Amino acid sequence: MGKATGFLEFERQELKYQKVDDRVRHYNEFTVPPLESDMQTQGARCMECGVPYCHRGCPVNNQIPDWNDLVYNGDWETAARNLHSTNNFPEFTGRVCPAPCEAACTLNLFESPVTIKQIEYTIAERAWKDGRVQPEIAKVKTGKKVAVIGSGPAGLAAAQQLVRVGHDVHVYEKNARAGGLLRYGIPDFKLDKHVVERRVQQMVAEGVVFHFNAHVGVDVKIEDLKAEYDAVLLAGGSEKSRDLPVPGRELRGVHFAMEFLPQQNRRVGGEPLGAVDPISALGKRVVVIGGGDTGSDCIGTSNRQGATAVVQLEIMPKPPEKEDKLLTWPNWPLKLRTSSSHEEGAERLFGVTAISFEGQNGVVNKVNCVKVDAKFQPIPGTEFSIDADLVLFAMGFVHPVHEGMINELGVDKDGRGNVKATEADYRTSVDKVFAAGDMRRGQSLVVWAIREGRQAARAIDEFLMGSTVLPR
């Protein structure tokens with residue numbers, strides 16, 4: 001695919017960012033959009049692999065070599081049509097996906113994979129610019145009604161697939177706007193919310209009905225939805241944050257990341273914070289506990305709010321800077337990853353855990369830490385303390401919130417506390433109730449949520465109609 005000798009002629013072109021001093025002054029996206037001509041050159045680097053492992057690395061099985069070739073040849077319209085055939089929201093994944101496809105690229109054996117993520121982003125944005133992303137309205141209605149609970153990427157993908165085959169689809173969202181963690185978790189500097197909103201408006205034009213401020217299991221009864229709809233999809237995500245129950249946990253200034261991040265997103269979006277105490281890093285020494293993407297988002301947001309210092313704690317040992325390709329490729333490798341937020345300023349400590357918090361007048365001012373061994377056990381004599389005015393837990397999520405909807409439904413749960421359903425049919429133990437996304441598989445990537453939403457939509461359509469034309 002692409003140009004037969006392109007990978008020999010052209011170097012990989014890395015994504016460009018605004019300078020740190022400029023971008024930390026605002027909450028807008030700070031990536032520099034690549035030139036289309038440059039992306040055509042990058043598309044030329046795609047090799048005619050005997051086995052295109054990029055397919056294997058991509059959870060939605062994007063036909064990557066095909067649209068790389070189309071971009072190289074300047075056929076942006078067909079490239080967009082091809083890309084949308086497997087991914088409802090390529091502009092989301094083109095921004096926030098960690099790109100396992102690039103890790104699986106054959107050229108990654110030489111540290112120079114095809115810039116698949118940038119090409120995907122450019123195809124999607126070119127399609128929007130050219131007016132090619134239009135509502136796809138079903139020609140025939142089935143008369144069947146489906147309720148989708150949760151408007152994150154899994155719920156949105158399922159709703160769009162189902163409405164396009166003629167079902168009457170209603171999405172119930174507990175917040176004031178659609179998007180789930182796309183809207184309220186991922187910072188605006190990584191994903192501007194107009195990108196989410198334009199897709200929501202496309203779906204409204206296709207016939208999807210959104211019910212906002214409708215918290216199923218709290219102010220909307222799940223039994224009422226079961227009675228009203230022919231099928232119900234649980235797509236509420238995995239929202240039970242992992243806690244750290246150590247002495248001093250009750251001090252003010254110790255918060256979950258998902259208390260902190262949504263507040264800033266609401267500020268940027270002009271949305272009221274609601275009945276919560278404002279959390280800000282302005283003028284504070286911040287300690288982020290957790291080394292993943294959410295921790296990185298806390299760092300970037302803290303720096304923009306005006307933190308005086310940011311320290312990130314990670315209980316895992318420091319990974320190698322380079323993976324052993326012969327052992328890991330084409331799988332996703334464990335290696336040191338430095339995000340754009342890390343580059344904006346943060347001290348990173350590995351192999352460390354917090355053992356207690358101290359404070360004055362009920363407010364945290366110190367994190368007591370210790371180094372840990374390979375089994376995450378404290379190493380005697382390695383204790384130390386970090387001054388802190390704000391502590392943010394970014395240690396991931398353990399499972400969906402059970403109180404309310406899930407407990408009332410009585411659905412079976414797996415050993416990790418997720419709603420139990422298989423990838424074969426996404427059906428729960430309760431009749432005509434399905435589950436997809438993080439609520440079923442546990443916390444994962446946006447691209448995995450899109451895959452699950454699409455596959456669940458196929459399963460629901462087949463359940464309702466006896467057969468389906470939706471892709472798996």
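# Notebook: sheets, cavities, a pocket and cysteines

I began with one pair of strands, β3 (residues 145–149) and β4 (residues 168–172), which pair in the parallel sense over five bridges. This is a predicted model, and I read every entry below with that in mind. Within the pair, I found Lys145 standing opposite Asp168 in β4.

**Entry 1: the parallel sheet**

I then looked up the sheet that holds β3 and β4. Five strands form this open sheet, in the order β5-β4-β3-β6-β17, with parallel pairing. I noted β5 (209–211) and β17 (433–435) as its edge strands, since each is recorded as pairing on one side only. The twist from one strand to the next averages 20°. As a reminder to myself, strands of a sheet pair through backbone hydrogen bonds, either parallel or antiparallel.

**Entry 2: the antiparallel sheet**

Next I went to an open sheet of three strands. The order is β12-β13-β14, and the pairing here is antiparallel. At the edges I found β12 (352–360) and β14 (384–387), each pairing on one side only. On average, neighbouring strands of this sheet are turned by 30° against each other, direction ignored.

I took the two pairs in turn. β12 and β13 pair in the antiparallel sense over eight bridges. One of the partners I checked was Gly359, whose bridge partner in β13 is Val364. The hairpin of β12 and β13 has two residues between the strands, and in this hairpin Asn361 takes a positive phi near 55°.

On the other side, four bridges join β13 (residues 363–371) to β14, and these strands run antiparallel. There I saw Val367 opposite Ile386 in β14.

I also looked up Ser385, which has its place in strand β14. Is Ser385 buried or exposed, or partly exposed? It counts as partly exposed, because its relative accessibility is 43%, which falls between the 20% and 50% cut-offs. Ser385 and Cys369 are 16 residues apart in sequence, and I noted a C-alpha to C-alpha distance of 5.7 Å in space.

**Entry 3: cysteines**

How many disulfides does the structure hold? The count is zero. I looked at two cysteines in more detail. For Cys54, the closest cysteine sulfur is that of Cys46, at 6.1 Å, so the two are too far apart for a bond. The cut-off I applied is that the sulfur atoms of a disulfide lie within 2.5 Å. Cys54 has 7% relative accessibility and therefore counts as buried.

Cys298 is in no disulfide either, and the nearest cysteine sulfur, that of Cys369, is 16 Å away. I noted Cys298 as buried, with a relative accessible area of 0%.

**Entry 4: cavities**

I turned to enclosed space. A search of the whole structure finds three cavities of 30 Å³ or more. The largest has a volume of about 90 Å³. Which residues are the closest to its centre? Of the 13 that line the largest cavity, they are Cys58, Asn62, Cys97, Cys101 and Glu120. Two elements, α8 (100–104) and α9 (116–129), give two or more residues to this lining. The largest share, three residues, comes from α9. By class, I wrote down eight nonpolar, three polar and two charged residues for the lining of the largest cavity.

The second largest cavity holds about 50 Å³ of space. Its lining consists of Ser241, Arg242, Ala257, Met258, Thr294, Phe393, Ala394, Met395, Gly396 and Phe397. These divide into six nonpolar, three polar and one charged.

**Entry 5: the second largest pocket**

Last, I looked up an open space, the second largest pocket, where about 420 Å³ lies. Of the 21 residues in its lining, the closest to its centre are Arg81, His84, Ser85, Glu136 and Arg164. Which element gives the most to this lining? It is α6, with four residues. I noted that α6 (76–84), α10 (153–164) and α12 (193–206) each supply at least two lining residues. The classes in the lining of this pocket are eight nonpolar, six polar and seven charged residues.

Methods
Residues are numbered from 1 along each chain as its sequence is written. This is a predicted model: local features need pLDDT of at least 70, side-chain atom pairs count only at pLDDT 80 or more; totals for chains, interfaces and linings use all residues. Side-chain values use heavy atoms; hydrogens and water are left out. Two strands pair if DSSP finds at least two bridges between them. Axes are lines fitted to C-alpha atoms, for helices over the stretch in contact, and angles run from 0 to 180 degrees between N-to-C directions. On a 1 Å grid over the protein atoms alone, a cavity is a set of points where a 1.4 Å probe fits but cannot get out, and a pocket is an open set with protein on both sides within 12 Å along at least five of seven lines; lining residues have an atom within 4 Å of a point. Grid points are joined across faces, edges and corners, and a volume is the space filled by probe spheres set on the points. Ala, Val, Leu, Ile, Met, Phe, Trp, Tyr, Cys and Pro count as nonpolar, Asp, Glu, Lys and Arg as charged, and the others, Gly among them, as polar. Buried means under 20% relative accessible area, exposed over 50%, partly exposed in between (1.4 Å probe, protein chains only).
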